[in-house]
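Reader: Please take one helix of this model and go through it closely, along with whatever it packs against.

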Amino acid sequence: MPTELKLPQLSESLQEGTISRWYRREGEYVAAFDPLLEVETDKVTTDISAPASGTILKILVPEGTTVKVGTLLVLIGPPAEAASPPPAAPTPADAPPVPAPIAAQPSLPHVSPVAAKVAAELGVDLTQVRGTAPGGRITRQDVLDYAHAQQSVQQPAPPSVGLAPISDPPDTFDPATIITPAVSRLAAQHNLDLRLLRGTGRGGRITRADVLAAVALTPPAPPAPVAVPSAAPPPAVRLAAGSIPVTGMRRAIAVHMVQSVATSPHVTTVMEVDFSAVAAHRRAQRAAFAARGLRLTYTAYVVAVVAQALQQHPLANARWAETEIVLNAAVHIGVATALDTTGLIVPVIRHADELSLAGLARQIEDLAQRARAGTLTPEDVGGGTFTITNHGTSGSLWSTPIIHQPQSAILGVGVIEERVKVIGGMLAIRPMAYLSLSFDHRVLDGAGADAFLASVQAGLAGWAG
Amino acid sequence: MSMQTDASLAPPPANDPALPRHRQLGLSDEQVLAALAGMQRVRNVDDRLWQLSRQGKAHFVITSAGHEAAQFGCAWAIRAGHDYSVPYYRDMALALALGQTSLDLLLHGMGKPTDPASGGRQMFGHFSSRALRIVSGSSSVGSHIVHAVGLALAFRITGEQDIAAITFFGEGATSEGAWHEGMTIAGVQQLPVVFVCENNGYAISVPAHREVPVRDVATKAAGYGMPGVIVDGTDIFAVYAAARTAMQRARSGEGPTLIECKLHRLRPHSNADDHSKYRPAAELTALAQHDPIDKLRDYAMQHGLLNVERWQAMQQQLKAEVDAATLAADQVPNPPLESLYDHLYGSAAEA
Amino acid sequence: MPERTFLEAIRSALIDEMTTDQRVFVLGQDVGVKGGVFLVTDGLYQQFGACRVIDMPIAEAGIVGAAIGAALHGLRPVAEIQFADYIQPAVDQIINEAAKLRYRSAGDWTCPIVVRAPFGSGIHGALYHSQSTEALFTSTPGLKVVIPATPYDAKGLLIAAIRDPDPVVFFEHKQLYRTMRGEVPDGCYTVPLGTAAVRRTGRQISLFTYGLMLHHSLTAAEQVADEGIDVEVVDLRTLYPLDRETILASVRNTSKALIVHEDNLTGGIGGEISALISEHAFEYLDAPVRRLASPDVPATAFNEALEAHFMLNADKIAHALRELAAY
């Protein structure tokens, strides 16, 4: 009797998920508790482990398909004798030898810098190229083979194809087409379409920081409305004629954005804030925090001040419910935060108003660490009542952020940089930043929103610990 | 028939000039016969290694044929396991004289994991045994001289008395910088060390007159503040007399000595060499007259220590011994491949 | 804790270890009555006598070879080569003899010696009193190559080197001898060989260096920190065997790597580290691995202007960091 695995309820609000990756193929052996597949929801991407040891008899939902909670995903047969795969299972003829049942590492499609370069030179859309290297990585040869096949079909025997030199000096690379291994790896990990990014590196190169910022700035979307099968494409290199398959995440973002803009009349108000006091306090306290194992970031200060201001201005911590305005009792602040290596998350700091600066720093650090360890739960990224987005990390001065429904406002923090200010008739150089507050005009009016923003501004400028 | 450049180094006067030479030196008949057997044993191993090299079972052979008397003569003056011996690649006979066995040498020659010199790591000719205080060397010619000097320096630092180091090299090594540096340090500090040059007249193919600017290597000693002695290296008793005196000088704090043993290389430098290409035919024909084993055998027969029957029996027994040792060595399996990484670094615990 | 110069820290290591362990002795040119040309061994001759503080002839192979011989008898020699430029005549002894004794005798013999040598430019030493010769030894299994950067490490690493059961080549940067001061405890302590030290944590660029260049690198990291470039500085301390785990962990965290050394660019340890990173952390890279090293000329020139041009400094390192940050 085969063991069945159905899509579990990954969080309370979850209705469906997209199967983004199978780590095992039909006919392969899987050990209980080994990662078996990756499921992507609008909130998290998470691994699901095998419920039992055995051979994968049938995969019922292919990669890229979105299905409802409870859908049967896979059938697993009786465990094999010893560690070898049982031959009885419906093994496809081309199934590779089954590895020992050790924990599988998700292998992600990468593209090497030179493959990206060759693709750009030949006008090859990398999303159309099948990677042959381990983990589906696209090699230079894959690009050449693809280009050759295309040109064979379209125009007979072009002499140039396949003859691209291997060791071009780096300056022949168009910087904008360079995809470094780190960028490729992160983009694949987060299913991010690199064509949608504008690079801030040398010559417009997309940097690792650009990728991290892009993922950080992607607002958490509401439950995806429809199940749309879509293949997860490998990262593309540059704009090329043709179509781009829409990923589950992309669609969720699109739907959410349209819905939010259509639902809430957005108004954005901007104020400038002097970060001198915060910077001084941070300088003074950083070592002491570090001694306690805490990393003191500007984010902690912003969260602390916003949490206090929300209590004074409950309409900024509310939601429109047609017949009434619901004031949220708790202050749960979502923060889009980039992480060091593993990518980024949008963790929600629960009861942020009840936490000290150290508590906030610890909470932020804890969420970051658990994100790195891959132990975040869907609950960690849901239930926010207000959102902060650090668009300044990509150099942005101010923005018009779109509200994370059903919240009533979102605060954007621009880049903190030294600017000349006139203070008491004197020129002074101060670390300044713009705060951009987008608010739902159904809930808040301009004066109320400005009052809230002014509270935040005052709290930061007058930070006294 | 020793030739001294320093009269003070003459062997102790014979108690009775009528006595055979070995008796004059205090050696018993049994010691002489044991040395003869040992020299023949080494020659048999030498022969066997050449055979094995042609079977592809020993990949490198370097001969000690012609040097046996010099090495056995010195070995009589060395207390193995107490004094340190720092040999060079030609010293197979010395290794055996100091206590290694035919099997040890064959295991070394066949690169077996149980090779006591190196566990199958070094090519043949790098004899070593810490228990016998035979120091492991590299293939860099002359670089081991300074190790003997350093050992002697260590005795000076620890204040140990009645101990000496002795090192061996060909005349070719006396052109090396490390040899010069070692001789200099030993001379400056007057260290308890003995330098033995086994001068066979060739540095592989280059004859002595093209590599040594003086007729006798022993005369170089004067430049380093130590006596130099010339002996007939095919005469085991002459070598012993000189080595015994030099070791006693060293052990009693009188400083270093350079001994030059003049002898003949009976075979090509190694199994990869053909000496008919560079040695005159007449010289090659005459080599048979300089075989130190023949010399000692004739001496033993002349003095009634040995007769033809006993010599033949001895040879048969030695042949059976080397056959058995060959069989035993050949049966030793190769080491596990992971052992390639063994003995690279020590553990903190051993410090 | 008493403060000592880098030079005093090394002397303190020698005195403490010679007092603790009768097997330890020093030998080299001018190390005795004069106390060494840099005075590292000043006073040792008076304290321990001519038998354990041995003035040697100008014979580098002889000095190292004699150390090897003494080690075979169980002593713990510390040989001084007056300048790293003159270690070349002893290379056969270090690489062919010391490094291979344990291996070639299948563990029967061991060779616990230390060869100390002052290296590096910046004291108007021209071609033959300035060289960085560590790369001669960083491809030699059986050997350990140690280069301290701080007084504390200089003492702790030297004592660890003396106590190590294998041969250690110990390079001391001449410019640090009197310019670098720091807290150095009295008495014996060790800093483990084979482990790098993260001297400054950072998130954007990993900078790997050692010796004098550590201090220039830390200065450079502070310079660019104000511009928002967050640099992690790793002091390698032992160049062979390399602390691969620390190197790879750092670069996986930052995604960019700069290697800084005073040794020549070509064939320096930077190439090895770069290869290590590309083999084991390729997919974490967000920029090509960069090396900043002395130019490929024999050594610094005697002429002051040329010497200054040859030398790396904090500004040059900061420039390289900015370039790498902007990639």
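Author: What follows is a look at one helix of chain C and its partner in chain B.

The model is predicted, with an ipTM of 0.95 and a pTM of 0.68. Chain C has an average pLDDT of 97, and 100% of its residues score at least 70.

The setting comes before the helix itself. Chain C holds 12 helices and 14 strands. Of its 327 residues, 62% are buried. Counting contacts in chain C between residues at least 6 apart in sequence, 79% link residues at least 24 apart.

The part in question is helix H3 of chain C, residues 60–72. From first C-alpha to last, the 13 residues of H3(C) reach 18 Å, close to the 18 Å expected at 1.5 Å a residue. As for cover, 13 of the 13 residues of H3(C) are buried, so the helix is largely enclosed by the rest of the structure. After H3(C) comes Gly74(C), with a positive phi near 100°.

H3(C) also belongs to the side of chain C that touches chain B. Across that boundary, 39 residues of chain C are in contact with 35 residues of chain B. The elements of chain C that supply two or more residues to this side are H3, helix H4 (91–97) and helix H5 (101–104). H3(C) gives the most, with nine residues.

The partner to consider in chain B is helix H6, residues 145–158. Its axis lies 6 Å from that of H3(C), and the two helices pack at an angle of about 60°. That angle makes H6(B) oblique to H3(C). The crossing of H6(B) past H3(C) is right-handed. On the H6(B) side, the contact is made by Val146(B), His147(B), Ala148(B), Val149(B), Gly150(B), Leu151(B), Leu153(B), Ala154(B) and Ile157(B). On the H3(C) side, the residues are Ala61(C), Gly62(C), Gly65(C), Ala66(C), Ala67(C), Ile68(C), Gly69(C), Ala70(C) and Leu72(C).

A general point helps in reading such lists. An α-helix has 3.6 residues a turn, so residues three or four places apart point the same way. Among the contact residues of H3(C) are Ala61(C), Gly65(C) and Gly69(C). The contact residues of H6(B) include Val146(B), Gly150(B) and Ala154(B).

H6(B) can be described in the way H3(C) was. Its 14 residues should span 20 Å at 1.5 Å a residue, and its end C-alpha atoms are 20 Å apart, which agrees. H6(B) is mostly covered, with 11 of its 14 residues buried. Those buried residues are Ile145(B), Val146(B), His147(B), Ala148(B), Val149(B), Gly150(B), Leu151(B), Ala152(B), Leu153(B), Ala154(B) and Phe155(B). Within chain B they pack against strand S2 (84–86), strand S3 (165–170), helix H7 (177–189) and strand S4 (193–199), and they also pack against H3 of chain C. Gly159(B) follows H6(B), and the phi of Gly159(B) is positive, near 80°.

Another helix pair, inside chain B, can be set beside this one. The axes of H3(B), residues 68–75, and H8(B), residues 236–251, come within 8 Å and cross at roughly 40°. H3(B) and H8(B) are therefore oblique to each other, and their crossing is right-handed. H3(B) makes this contact through Ala69(B), Ala70(B), Phe72(B), Gly73(B) and Cys74(B), while H8(B) uses Ile236(B), Val239(B), Tyr240(B) and Ala243(B).

Key. Residues numbered from 1 in each chain as written. Chains lettered and ligands numbered in written order. Predicted model: local features only at pLDDT ≥ 70, side-chain atom pairs only at ≥ 80, totals over all residues. Helix = DSSP H or I, 4+ residues; strand = E, 2+ residues; numbered from the N terminus. Buried ≥ 20, exposed ≤ 12 C-beta atoms within 10 Å, placed from the backbone. Contact = placed C-beta atoms within 7 Å. Expected span 1.5 Å × (residues − 1). pLDDT = per-residue confidence, 0-100. Axes fitted to C-alpha atoms, helices over the stretch in contact; angles between N-to-C directions. Parallel < 35°, antiparallel > 145°, perpendicular 65-115°, else oblique. Left-handed = near helix turned anticlockwise from the far one by under 90°.
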